[in-house]
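Q: I am new to reading protein models. Could you take me through one, feature by feature?

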Amino acid sequence: SVNPDLASERQTASFSVEKLTAWLDNGAEQTRLRRAVVEAIECDPVFSRENQYFQSQNERYEAAVRKAVHLQKKMHEMGWSEEGPEFKYIYRAVAGDVAFLLHRVFMRSVSMLGSDEQIAKWIPLASQYRLIGSYAQTELGHGTYLQGLETTAVFDVTTQEFILNTPQISAMKWWPGDMGRSATHTVVFAQLYVHGKCYGIHPFIVQIRSLQDHSLCPGIIAGDIGPKMNFEHIDNGYLMLQNVHVPRENMLNKFCEVQPDGTYVRRGSQKINYFTMTSVRISLISGEAVLPLMKACTIAIRYSAVRRQSKLKPGEQEAKILDYQTQQEKLLPQLAAAYAFHFIDDYLQELFDKGYREIQRKNFDTLPELHALSSGFKAMVTQYCTSGVEICLRACGGHGYSLLSGLPSLYTKIIASCIYEGENTILLLQTARFLIKCFMAASTGQPVPPSVTYLAAAKPRNCSAKNKLDFLHPDIYTEAYQHVAVRLISSTAAKLQDLIQSGVKKHDAWNQCTVQLAQAAKAHCHYITVKNFAETVEKIEPKAGIQKIMKHLCDLFALHGIFSNTGVFLHDGYISGAQMDMVTASYLDLLAIIRKDAVPLVDAFDFTDKSLNSALGSYDGQVYQRLYEWAQKSPTNKQISPAYGKYLKPLLHNRLSKL
Amino acid sequence: MNADLRRERAAATFQTELLTHILDGGAERTRRRKEIETLVLNDPDFQHEDLNFLSRSQRYEQAIRKSALMVMKLREYGIADPEEIYWFKSFVHRGRPEPLDLHLGMFLPTLLTQATPEQQDRFFMPAWNLEIIGTYAQTEMGHGTHLRGLETTATYDPATQEFILNSPTVTSIKWWPGGLGKTSNHAIVLAQLYTQGQCKGLHAFIVPIRQLGTHEPLPGITVGDIGPKFGYDEMDNGYLKMDNFRIPRENMLMKYAQVEPDGTYVKPVSDKLTYGTMVFIRSLIVGDSARSLSRACTIAIRYSAVRHQSELKPGEPEPQILDYQTQQYKLFPLLATAYAFHFVGAYIKDTYRRISGDINAGDLSELPELHALTAGLKAFTSWTANAGIEECRMACGGHGYSRCSGIPDIYVTFTPSCTYEGENTVMMLQTARFLVKSYTQVSSGQRVTGMVSYLNDLSSQRIQPQHVAARAVTVRINDPASLVEAYKARAARLVEAAAKNLQAELNHRKTKEDAWNRTSVDLVRASEAHCHYVVVKLFTAKLAEVSNAAVRAVLTELCLLYALHGISKNTGDFLQAGILTGAQITQVNQRVKELLAVIRRNAVALVDAFDFNDIYLGSVLGRYDGNVYENMFEWAKKSPLNKTEVHESFHKHLKPMQAKL
């Protein structure tokens, strides 16, 4: 039965939860499909995550391999294919807890970087799991900066082979998933040398383990890099190469080739590589950042409606912690952000699809904008969602720290997203480079891409709000965000120019402005997010109460951003001190309004209890019973601890009493 | 030693030992600390495998083994000074919690302060000799900070002269106490006392929970471990459920309140004394914030001096990542914060020591302010350090995420301090209550003293005709004393705003509680501003005590960075109150960046001065010698997944699949 404290929250919803879910899914038909996939996966015991919190690294890895293998069978049984509409829901259903994710990256890089012959040779082997692939780029001493990689591949004309080496310890491949224990092959990125000349980084297919007994191939040293904050189920690995020979045909050669005599030939544009990065960054936003935040919000908000603490009114029952303003101020902005980023994901996806169509027509014009937006949003969204998950964790008091709450593992997993696929600070600086360039272009009247035309249009003014209700007009706050973005970008551009004109070298000037540049890039992304949220709300049909609640969330997201960064809005007087007090007042009013729909708003994310895997966040709100039951399953409770008999008893009883 | 680190150390402008002495509180104390450190770290009994490779059960087992030895050796060496015991314990457990924490830190002290002489005779020596191992069971599954909400009952039965203990609901199960799950055989249980049909509120009872000798739970007792957590693997946090469990009347701690044989309840004289313990424990958390953040900074800054990445100047070798402005901007303000918190922690400890004599003599006059201040500072420093540790980890890129960096462990060990000993938001609101009370006193013409005395100025200012925004403090951004004034003005403004908003709500709302709740976001901000002011003030005050010019110079740079960075992160408050203009803010931002470049040359020396031994630091990235990569490889080879060359899952899952497809 449902805890009455949760049931009562649901009775007063101002909108239809089912309709909101369908709308978030892009249609009721999608909802139905998603639920069918989730149901099929969750009722299969192999995919159970029931004991996950009690398992060791070895057990987690084994379970992930088992699930990955079983998933192939399952997909076959269910008639799902990788191209089918079900595919995107499978990952959600298994909660990422499977091995061989890098195997897919291996296949994608062969398809993107390989010639037709190479694709014909390797892809069938990989798709039938005759080999297991990985993708070895990052080295112990080198990450984001690809040109710095040290692994070498020297072409030997006499044997028609490349000889691969790890010249020193910092050049060891480090971190690639699936490589520590599973992979038989990997794409190794190495500096190519032909006749003593270095041609830069190129990809090579290298076999690392025997296809018969899985032992390491000669010249290969590989293993697992040891425990991490999370991803216990993935065997992130290291790889050292000692005079490993691979045939000439193993260099992926769609874009460049070494001919038998050692002639190096380059063909076609490599710009498509940028497109790959862009697609990966956009694709991770939803699954790796927004979904975990939605889950964390679901857990924390449901628990906050069940947990009672202290009294708000004398003589009454202890209050739900969700009724405390400070608790609302922690959780509700995170909920609004989860919605905001869900919509930004739609926005990016649309932009990406458009860009993809252009690129297929060999038009690369949209690439710089796409690249800048995907970098900036990857950084902004992962950072925001990470801190959001942590806020949810800490909003659950002591119980949040129990692994059984589900929150610690959501947190330790999502934080990795701030680093992988491009460290966030570096990504923001890439976006900033684009913004500065566009700003310069715009100020000399040259055309700029659509997302940055505002840089040319804006004029310095003051905010026109007269009272706190004015701050519930999207025009008012969107303009404020736009103003701040323009101000930060233009002032940084001016500073850069000043420095350069005063004789500072360009790269030094850049480094001296990077703190501001990163801030400007964030402001740009924040502005686009607010604007996109407001536009999304505008397009909703006013029926079913959805538009109204989404409008509240949009207002909350926008005002929370101003409330938490008052300085940048006050700095040049765009918003006055008195107006800032109106922002605060409106913002705090919204908390109380959204509070009423908080539980239905997380219910609409439609996570099953199994996918939340949380003793605090289940739909029925039977928090304490579940916590007690789950704790008893802990291996630490299965026997009397050996430590007592082994250490405590003999040592203390006998020896201490003599002291 | 790694050449980069050697160069960094050679370029420092001050002697690191001198700064270490300041942090320790004198050269003699540094010597003694290192003596104890050597004693522990060279003791083969305290060696073990890297904990990162052990299961939770194994980690618990190692911890209990070391704890048992620790208690023995402390007595063998005659170490009795609390600070020295603290050092010894930190080195044994390398800064981690351990299963006897609650026995040593709560059970024994509670016996000393709340047990009658007879009870001390019965329990103290057995507990001192660890025949009795106790814990302190207060928190329940459904009840934390709000003590009056606890549900466990202790009902007096005059017929047998016993208390009957019960956990009437699931939510009343004791949950979280450390050492309860597996280690303890006794617990001090907090329960609602019922006698003669009346509830007399919360009282403490000594409850045996496991059979001496066999260690099996006693009949009527259900006890166990609450399962895996975010860190704290060494600690057996436990649950305890009692069903009609009887204990003799003499097991209620009766130094203050008493229940007589016939059930007559005798009230305690005063309950303010418990404040003292809370102040003490919260002051420890402030010190802990400083230490944990210092450890994370040491790791991140040393690693940033060793790690090379990308290109700053075309054609030149990859620079140390510490040369990037964005990296400095992440790390140096945290370094300054770590120093600031060290000095704050020392200040609270000294103040507590100074007035604890008065407390014992019954003079509690200074206690309310200190209590309010430590509540806020506990929250302020633990929140800041918590976020700072994560920033340090992120600043280490991918490798920070590996357990070999040591930062994940520092984080999970530290982060619960945002919740335990008073949830931080609740703490901030306690401080706010004191601030509002002080403000109300000032408004009614009384003067207030101590850290809140700046509120006295508010009333005089209000008489002046100018607009609030016009009362500009002339801020000199290179003068710490002037920045203290700026922070003071900000705190005053936010306290005033919160108090006024509260008053406005009170005029509209039905109840005080409702008005308070609707102002609580403002109130928390006011408390934060107050704490921030106190930290800047104490850091600035510390500078005058430093006699060595070179050390004072570098600490002054850090102090300025701390204060200016704080302004640049909270510009809105300073702008809105008219304390600083937009142009001044631009100057502040610029000055912060200049200071980053100035501090850069001393960054490694400044973390060296924290003087963490490599074993205690527990980080491959933060090693003193900087030989990071070789040692990461050595570390990884020991990973449990690498025990066999071919993992068993190959035979179990992979091979059969390949055969089928």
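What follows is a short dialogue about reading this predicted model.

Q: Let me start with the record. Where does UniProt place the feature "binding site"?
A: A record can attach a label to chosen positions. Here the UniProt entry, which is unreviewed, puts "binding site" at A:T138 and A:G177. The two positions span 40 residues in sequence, yet their C-alpha atoms are no more than 10.8 Å apart, so they gather at one spot. Keep in mind that such annotations may be inferred rather than shown by experiment.

Q: Which elements flank A:T138?
A: To place a residue, look at the elements before and after it. A:T138 sits in a loop of chain A, between strand 1 (133–136) and strand 2 (152–156).

Q: And is A:T138 buried, partly exposed or exposed?
A: Use relative accessible area. Under 20% is buried, over 50% is exposed, and partly exposed is in between. A:T138 has 28%, so it is partly exposed.

Q: Which residues does A:T138 touch?
A: Set aside residues up to four places away in sequence. A:T138 then touches A:G143, A:M172, A:K173, A:W174 and A:W175.

Q: Now the other position. Where is A:G177 found?
A: In a loop again. For A:G177, the loop runs between strand 4 (173–174) and strand 5 (185–194) of chain A. The relative accessibility of A:G177 is 5%, so this residue counts as buried. Beyond its neighbours within four places in sequence, A:G177 contacts A:L102, A:S134, A:I234, A:D235 and A:N236.

Q: How do I read a domain label? What does UniProt list for residues 16–132 of chain A?
A: A domain label covers a range. The unreviewed entry in UniProt calls this one "Acyl-coenzyme A oxidase N-terminal". Then check the fold of the range. Residues 16–132 of chain A are 67% helix and 0% strand. The C-alpha atoms at the ends of that span are 46 Å apart.

Q: Which residues of chain B does the label "Acyl-CoA oxidase C-terminal" cover?
A: UniProt, again in an unreviewed entry, lists residues 479–657 of chain B. That span is 76% helix and 0% strand, with its end C-alpha atoms 71 Å apart.

Q: Let me zoom out. How many helices and strands are in chain B?
A: Count the elements. Chain B has 24 helices and eleven strands.

Q: How do I judge whether chain B agrees with a compact globule?
A: Compare its radius of gyration with a rule of thumb. A compact globule of 661 residues would have a radius near 26 Å; chain B has 27 Å, so the two agree. Along its principal axes, the C-alpha trace of chain B spans about 85 × 85 × 60 Å.

Q: What share of chain B is buried?
A: Buried residues make up 62% of its 661 residues. Contacts add to the picture. Take those in chain B with a separation of 6 or more: 73% join residues 24 or more positions apart.

Q: What does the surface of chain B look like, and how is its charge divided?
A: Chain B exposes about 24600 Å², and carbon and sulfur atoms supply 53% of that area. Its side chains include 73 positive and 71 negative ones. The centres of the two sets lie 4 Å apart.

Q: Which chains hold the residues that A:Q309 contacts?
A: Read the chain letter in each name. Leaving aside neighbours within four places in sequence, A:Q309 contacts A:E318, A:A319, A:I321, A:Y324, B:G144, B:T145 and B:H146. So the list names chain A and chain B. A:Q309 lies in the loop between helix 8 (271–306) and helix 9 (325–360) of chain A. At 12% relative accessibility, A:Q309 counts as buried.

Q: Backbone angles next. What is the phi of A:E421?
A: Check the sign, then the residue type. A:E421 has a positive phi of about 55°, although it is not a glycine. A:E421 lies in the loop between helix 11 (407–414) and helix 12 (424–443) of chain A. With 37% relative accessible area, A:E421 is partly exposed.

Q: Where does B:L190 lie, and is it buried or exposed?
A: B:L190 lies in strand 5 (residues 186–195) of chain B. Its relative accessible area is 9%, so B:L190 is buried. Its C-alpha atom is 9.3 Å from that of B:K174, a residue 16 places away along the chain. B:L190 also touches B:K174, and its other contacts include B:Y136, B:L150 and B:H203.

Methods:
Residues numbered from 1 in each chain as written. Chains lettered and ligands numbered in written order. Predicted model: local features only at pLDDT ≥ 70, side-chain atom pairs only at ≥ 80, totals over all residues. Heavy atoms only, no water. Helix = DSSP H or I, 4+ residues; strand = E, 2+ residues; numbered from the N terminus. Buried < 20%, exposed > 50% of the residue type's maximum accessible area, 1.4 Å probe, protein only. Contact = heavy atoms within 4.5 Å. Rg over C-alpha atoms; globule rule 2.2 N^0.38 Å. Areas by Shrake-Rupley, 256 points an atom, 1.4 Å probe, with all protein chains shown as cover. Lys, Arg positive; Asp, Glu negative; His and termini not counted. Charge placed at Lys NZ, Arg CZ, Asp CG, Glu CD.
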